[in-house]
Amino acid sequence: MRKFLLLFFGLALGFNSYAQSLSSIKGRILESETQTSINEVKASLQGTTFSVFSDAEGAFVLENIPNGEYVLQLSKVGYENLYLPVSVQDKAVDLGDITLYTDLNTKLDNSVITLSEEELTDDEAGGADNIAGLLQSSSDAYQQAVAFNFSSVFFQERGYDSSFGQVLFNGIPMNKYNNGRPQWSEWGGLNDMMRNEEFVSGLQPSDKTFGGVLGSSNYITRASQYRKGGQVAYAAANSNYDGRVMATYNTGVLNNGWAFSLSASRRYAQEGYSEGSAYNANAGFIAIEKVIGNHSLNLTAFYTPNRHGKNSPNTQEVFDLGGETYNAYWGWQEGEKRNSRVKEIKEPTFFLSHNWEINEKSTLSTNLMYQYGTIGDSRLGYDTSNNPDPTYYKKLPSYYVTPGYENYQTAVDYTYKFLNDDPDSQILWDDLYQANYTVNGDAAYYLYEDVVDDETMAGSIIFNSQLKDNIKLDASVLYKNTRSENYANMIDLLGAQYQIDADKFESEGSDLGQNDLNNPNRQVVEGDKFLYNYRIDATQVEGFAQMQFSYQFIDFYTSLTMGQTSYQREGLFNNGKYSNNSFGKGEKQDFLTYGFKGGATYKLSGRHLLNINGGYMEKAPTVNASYANSRVSNELVPNLSTTKITTGDISYIYRSPGIKARLTGYYTTFRDLTKVGFYFVEGLNVANSNAEVDEDADFLTTALSGIDYKNYGGEFGIEIQATPTVSFTGAASIGEYLYDSNPEMFLTLTDNSYEDTYINVSQGASYLKNYKQSGTPQRGYSVGMTYRDPKFWWVGANANLLTHSYISLSEFRRTDNFFLDPFDGQPINDLSQEEVDAILAQEKLEDVFVVNLVGGKSWKIKDNYVGFFASVNNLLGESFHSGGFEQARKANYTELQEDQALETPLFGNKYWYGRGTSYYINLYFRF
């Protein structure tokens with residue numbers, strides 16, 4: 001593949017043009033409702049590099065067009081894309097006035113199409129992030145289905161994690177170094193300001209960045225680019241929040257060359273869809289631009305502080321007792337619901353951009369970004385064997401009907417508490433305070449938060465030039481640096497005077513229990529940093545170059561990127577268990593990254609296109625996947641290297657005024673990924689050590705090295721404009737996403753059961769090959785219909801079936817440790833392959849069928865508009881698991897078999913649950 005692509009690029013760069021007859025295409029673009037001109041509409045010929053933007057009068061002219069059959073695409077965020085067949089034959093083509101309709105999908109606020117922000121950003125959800133935000137601006141029928149219809153079931157396009165796509169603002173990537181994913185909440189509530197989006201799917205060429213296998217989205221925040229006028233809106237919902245108010249105003253470019261844009265919003269809920277999940281978010285945005293001739297200078301600032309309670313994953317037993325809205329993270333305190341797991345994000349962001357139109361064919365954009373602030377995730381800590389979690393296995397009815405622990409009256413009592421929403425079925429905050437009052441000042445229970453305190457500076461220079469009528473050059477350079485301090489912050493001592501910063505489960509007086517040997521037995525008070533404290537310095541330097549060529553029957557592009565990403569950890573605490581490599585700076589890690597891709601579109605005719613793309617890229621591992629346990633040690637994951645991605649796809653595309661369709665096949669491999677996990681396990685045997693098998697639960701860190709994936713399948717999307725008012729859509733995705741290797745597992749732990757600390761001890765292979773990847777349905781089907789009335793009301797419905805979704809595996813359960821006797825550590829010899837396959841079978845979740853409705857209406861009042869739109873998701877109230885994971889506690893065959901043989905396993909799989917019927921209603925006034 002790599003040799004083929006290099007040869008392809010070399011041929012492309014040496015490809016010579018030939019003489020052609022040249023003509024032009026022109027027209028004027030009007031808005032359907034107002035019949036006023038629309039500026040900044042992109043007019044482009046499908047599969048070519050020919051494109052221009054409409055001027056203030058809505059006019060556009062495409063010049064120097066060779067003879068041939070084309071499809072003209074007119075696109076602007078907020079409007080439906082329009083495709084017009086055009087025949088150029090030695091003379092200019094005048095299309096006259098062309099009408100664009102408002103895009104119904106842009107009226108669907110982000111909250112309608114995405115999961116809760118907790119699920120988008122929380123690693124505890126097993127990577128259950130969502131790529132809907134990357135696809136919202138796509139006009140492709142299939143990608144619209146992914147973004148708006150499939151998102152409630154964690155669907156990931158082609159099975160790709162969102163870390164394999166890029167989100168940029170003004171040409172600067174916003175993906176975080178810790179997990180590679182965009183932090184969507186950083187611009188949550190700024191929907192009106194996110195309209196100017198340049199979306200590129202997959203390997204298709206972007207003029208700003210090389211991108212990833214998932215593609216890229218670049219948000220432009222220039223004040224001059226927003227539609228002149230204002231809007232106020234109010235929304236009501238029963239999902240993440242109950243209500244939202246929003247106001248936006250854009251001046252457009254004033255006579256003196258200044259332009260201003262302002263937006264503010266508030267989203268709130270005393271309780272979201274799940275119990276105890278309060279939501280409180282504000283957002284503010286300002287952009288100021290000065291246009292001076294062919295130069296402009298734009299300053300953008302936004303701040304979106306938000307705070308929301310999280311939702312717990314639950315076993316099937318807890319779901320049966322408490323229902324799908326049950327949440328184990330909250331409890332009553334002084335008549336109020338208090339959630340112990342709260343996510344709070346406070347990261348103001350600033351951009352300064354200089355845009356220079358060098359001439360009619362060349363532009364240069366220089367962008368600077370500065371961001372600082374914190375992301376905090378709170379949780380309860382405890383230095384006692386009494387776990388405060390109300391769903392701890394010893395607090396559930398199943399425990400008291402387990403042989404050896406029978407107490408049927410206690411089982412009945414716990415059942416009654418859950419079924420009757422008794423306060424005892426939640427966190428007992430009063431009991432935690434009471435327990436702290438009975439000790440001598442030192443907290444037995446406390447509330448703290450894991451804090452990521454980032455400061456990021458970045459700059460990019462982007463150059464675009466139409467070298468010839470059929471040749472375009474794109475190039476950019478990027479520098480980005482993040483200095484991140486990570487620590488635990490004491491929020492509330494729950495009535496205690498202090499907390500000793502040491503592990504109480506270690507022997508008293510042992511250095512192994514000290515969280516910071518430089519300050520042993522420190523008394524921690526509220527607001528102090530404790531448990532762990534370290535810095536990560538991450539730096540990225542990257543360059544990108546791209547050539548696009550357009551000819552009468554074929555267009556093609558070649559792209560190259562090269563860069564370096566560096567990480568360095570500095571421990572600010574000296575952890576007693578890892579004192580040899582905990583405090584101070586660790587070795588700097590440098591990763592050389594590069595990539596190349598190419599593609600071609602063969603124009604069978606103006607309506608029939610054949611598109612092929614291929615690429616190879618190497619990507620730096622994330623910070624979280626680079627260190628064996630970054631909180632306490634500089635120790636790296638063994639065999640750490642870049643992730644190697646090889647991918648290709650081929651598409652047949654049909655475009656006509658009445659039908660738009662695409663059929664795609666793809667194949668992608670990912671090589672040398674790493675992953676770090678944290679578990680409580682029973683029956684652990686430490687390989688290559690003198691430690692005895694431990695029958696008690698031990699907390700350990702695992703690192704997987706050499707994870708390979710392969711993802712392949714097909715996609716189909718079609719949109720049919722049956723009549724001027726009725727359209728139909730259909731979409732289908734059939735994929736196969738598999739583990740493609742047996743990665744090596746390394747174990748790190750220290751426990752009072754052992755005399756030594758074990759760091760990166762190889763446990764051999766984790767036998768994962770041919771298991772299914774989790775986190776997404778691997779099949780999806782959608783059909784829909786929309787009616788748009790000439791009197792400006794519309795209604796739509798779609799039905800969706802999502803299948804072949806699997807829960808996340810316990811990798812440790814699939815090592816040789818699983819086959820060791822829990823009492824003597826010797827191999828279990830009488831196991832058959834059928835028994836092993838049965839007990840290690842990966843659970844497939846149930847198929848999900850979801851019906852959604854959406855509609856709206858607008859009225860014109862003089863030059864203003866009043867309107868509403870509404871949606872109902874999961875109309876039939878389908879109850880379903882949206883994701884889940886295996887609990888790793890039972891680490892060997894004997895103990896797992898005993899647990900699964902119970903009528904209700906004590907350590908069964910945990911699940912997240914999809915929402916039942918939910919609604920969203922938005923009222924707006926536009927002026």
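**Strands, a nonpolar patch and an arginine**

In this predicted model, strands β33 and β34 (residues 659-681) pair in the antiparallel sense, and twelve bridges link them. The two strands form a hairpin, with three residues between them. Strand β33 spans residues 643-655. Its other pairing is listed with β32, residues 608-619. That pairing is antiparallel too, and twelve bridges join β32 to β33.

Y654 shows both pairings at one position. In β34, its bridge partner is A661. In β33, Y654 stands opposite H608. Strands of a sheet pair through backbone hydrogen bonds, either parallel or antiparallel.

How much of β33 is buried? The strand is mostly covered, with ten of its 13 residues buried. Y652 also lies in β33. Its relative accessibility is 33%. Buried means under 20% and exposed means over 50%, with partly exposed in between. Y652 therefore counts as partly exposed.

Y652 belongs to a nonpolar patch on the surface. The other members are F553, I554, Y602, L604, L610, I612, I650, L663 and F716. Together these residues and Y652 have about 890 Å² of accessible area. Two elements, β32 and β33, give two or more residues to the patch. In a regular strand the side chains alternate between the two faces of the sheet.

Now turn to R338. This residue is in strand β20, residues 336-339. Which side chains make polar contacts with that of R338? One is the side chain of D492, at 3.0 Å. Another is the side chain of Y433, at 3.4 Å. The wider surroundings of R338 can be listed as well. Neighbours within four places in sequence are left aside here. R338 is then in contact with Y329, W330, G331, Q333, W429, Y433, L447, D492 and L494. Y433 and D492 thus appear both in this list and as side-chain polar partners of R338.

A further sheet has three strands. The sheet is open, its order is β18-β44-β43, and its pairing is antiparallel. Which strands stand at the edges? They are β18 (314-315) and β43 (881-885). Each has a single partner strand, so one side of each is left without a neighbour in the sheet. Strand β44 covers residues 910-913, and four bridges join β43 to β44. These two strands run antiparallel. One bridge pair can be named: H881 has Y913 in β44 as its partner.

Terms used. Residues are numbered from 1 along each chain as its sequence is written. This is a predicted model: local features need pLDDT of at least 70, side-chain atom pairs count only at pLDDT 80 or more; totals for chains, interfaces and linings use all residues. Side-chain values use heavy atoms; hydrogens and water are left out. Buried means under 20% relative accessible area, exposed over 50%, partly exposed in between (1.4 Å probe, protein chains only). Two strands pair if DSSP finds at least two bridges between them. Patches are made of residues with over 30% relative accessible area and no salt bridge: like charges are joined within 9 Å, nonpolar side chains (Val, Leu, Ile, Met, Phe, Trp, Tyr) within 5 Å. Accessible areas come from the Shrake-Rupley method with a 1.4 Å probe; for residues, only the protein chains shown count as cover. A salt bridge is a side-chain nitrogen of Lys or Arg within 4 Å of a carboxyl oxygen of Asp or Glu. A polar contact is a pair of N or O atoms within 3.5 Å; within protein, one must be able to donate a hydrogen and the other to accept it, and residues adjacent in sequence count only if both atoms are side-chain atoms. Contact means heavy atoms within 4.5 Å.
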